[in-house]
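Subject: The structure, and what turned up in it

Hi,

Here is the structure I promised to pass on. Have a look at it first, then read on for what I found.

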Amino acid sequence: WPQMQTKIMNEGWATYWHLRIMREMELTEAEAIEFAKMHAGVVLPSRNSINPYFLGLKMFEDIEKRWDKEFGEGAGREKMFEVREMDNDISFLRNYLTKELVEELDLYLYRKIGHDWKIVEKNWKKVRDHLVSSMTNCGYPVIVVEDGDYGKRGELYLRHVFEDRELDIKYLEKTLVHVHKLWNRPVHLETRIDNKPALFTFDGEKGSRKFL
């Protein structure tokens, strides 16, 4: 769980030091090329998700540069060790993902509109806040058992503890099928869709949904 809470920091920290160690070694031309190819593959930005190696590295490098510039050489390295000790991914992103970094790394929010994927937000604060929100509970939804004998029929009633993030409906419906296999009775999941309470059910043969 601690590793899940610090994935971006861990990967960025490891990449930062790997890069600097390799730069100080006396590599042959062939070794330098091999390392450059490997490093480029590790930090290659993704078109549709966050690469934690890339984002973590860029954030630690930015912290070092900014603190060195403001407080003198060496201050950035000290700040990096302080951040590593005190923060997790949520506070790391909230406190150190700057407007300049969001713009430099071309971070944005997108969603499918009709048949096309389109950028819907490039405001740096909203991008940062969305990333922070996605880290809540390490990105996993909180689902609790509301009733194990729902309707006095032995059915399972689950409730999603809504935290302003909707569930993936297709994934939800597929998951209920597997939960039914374990429970061997109809299963229900209450959540929120378009800010309205909704109930999804799978009875062993078909799935259904309704707004409450």
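Before we get to residues, one cut-off you will need: a residue counts as buried when its relative accessible area is under 20%, as exposed when it is over 50%, and as partly exposed in between. Also keep in mind that this is a predicted model.

With that cut-off, take E64, in helix 4 (residues 52–71). Is E64 buried or exposed? Its relative accessibility is 13%, so E64 counts as buried. Who sits around E64? If you skip the neighbours within four places in sequence, E64 is in contact with Y16, R20, G76, R77 and M80. With one of these, R77, there is a polar contact between the two side chains, at 3.1 Å.

**The two domains**

The chain splits into domain 1 (2–137) and domain 2 (141–211). Four residues from domain 1 and four residues from domain 2 make up the contact. Measure from C-alpha centre to C-alpha centre and the domains are 36 Å apart. How much area do domain 1 and domain 2 bury between them? About 300 Å², with 44% of it on carbon and sulfur atoms. On the side of domain 1 that touches domain 2, you will find four polar residues, no nonpolar ones and no charged ones. The rule finds zero salt bridges across this interface. The count of residue pairs in polar contact between the two domains, with both at pLDDT 80 or more, is zero as well.

**Salt bridges**

How many salt bridges does the structure hold? There are 13. Here are three to click on.

- E11 and K7: their side chains meet at 3.4 Å, N to O. Both belong to helix 2 (residues 7–24), where being four residues apart separates them by about one helical turn. E11 counts as buried at 17% relative accessibility, while K7 is partly exposed at 43%.
- K79 and E82: the closest N and O atoms are 3.0 Å apart. This pair is in helix 5 (residues 75–86), three residues apart, and again that is about one helical turn. K79 is buried, with a relative accessible area of 12%, whereas E82 is partly exposed at 41%.
- K126 and E121: the side chains meet at 3.8 Å, N to O. K126 is partly exposed, with a relative accessible area of 49%.

Why does spacing along a helix matter here? An α-helix has 3.6 residues a turn, so residues three or four places apart point the same way.

K79 deserves a second look. Leaving out residues up to four places away in sequence, K79 touches I63, W67 and Y96.

**Helix 6**

One of those partners, Y96, takes us to helix 6 (residues 89–96), where D89, S91, F92, L93 and Y96 are buried. What covers them? The cover includes helix 1 (2–5), helix 2, helix 4, helix 5, helix 7 (99–104) and helix 8 (124–134). Zoom in on the start of helix 6 too: a side-chain oxygen of N88 comes to within 3.1 Å of the backbone nitrogen of I90.

**A few loop residues**

Most residues other than glycine have a negative phi. Two aspartates here have a positive one:

- D106 has a phi of about 55°. You will find D106 in the loop between helix 7 and strand 1 (109–113), and at 41% relative accessible area D106 is partly exposed.
- D194 has a phi near 50°. The loop that holds D194 runs between strand 5 (187–193) and strand 6 (196–202). Is D194 buried or exposed? With 55% relative accessibility, D194 counts as exposed.

Last one: F162 sits in the loop between strand 4 (155–161) and helix 9 (169–183). F162 is partly exposed, with a relative accessible area of 26%. How far is F162 from E173 in space? The two are 17 Å apart, C-alpha to C-alpha, and 11 residues apart in sequence.

Happy clicking!

Technical notes:
Residues numbered from 1 in each chain as written. Predicted model: local features only at pLDDT ≥ 70, side-chain atom pairs only at ≥ 80, totals over all residues. Heavy atoms only, no water. Domains from an automatic or database assignment. Contact = heavy atoms within 4.5 Å. Buried area = accessible area lost by both parts, 1.4 Å probe. Salt bridge = Lys/Arg side-chain N within 4 Å of Asp/Glu carboxyl O. Polar contact = N/O pair within 3.5 Å; in protein donor to acceptor, adjacent residues only side chain to side chain. Nonpolar A, V, L, I, M, F, W, Y, C, P; charged D, E, K, R; others polar. Buried < 20%, exposed > 50% of the residue type's maximum accessible area, 1.4 Å probe, protein only.
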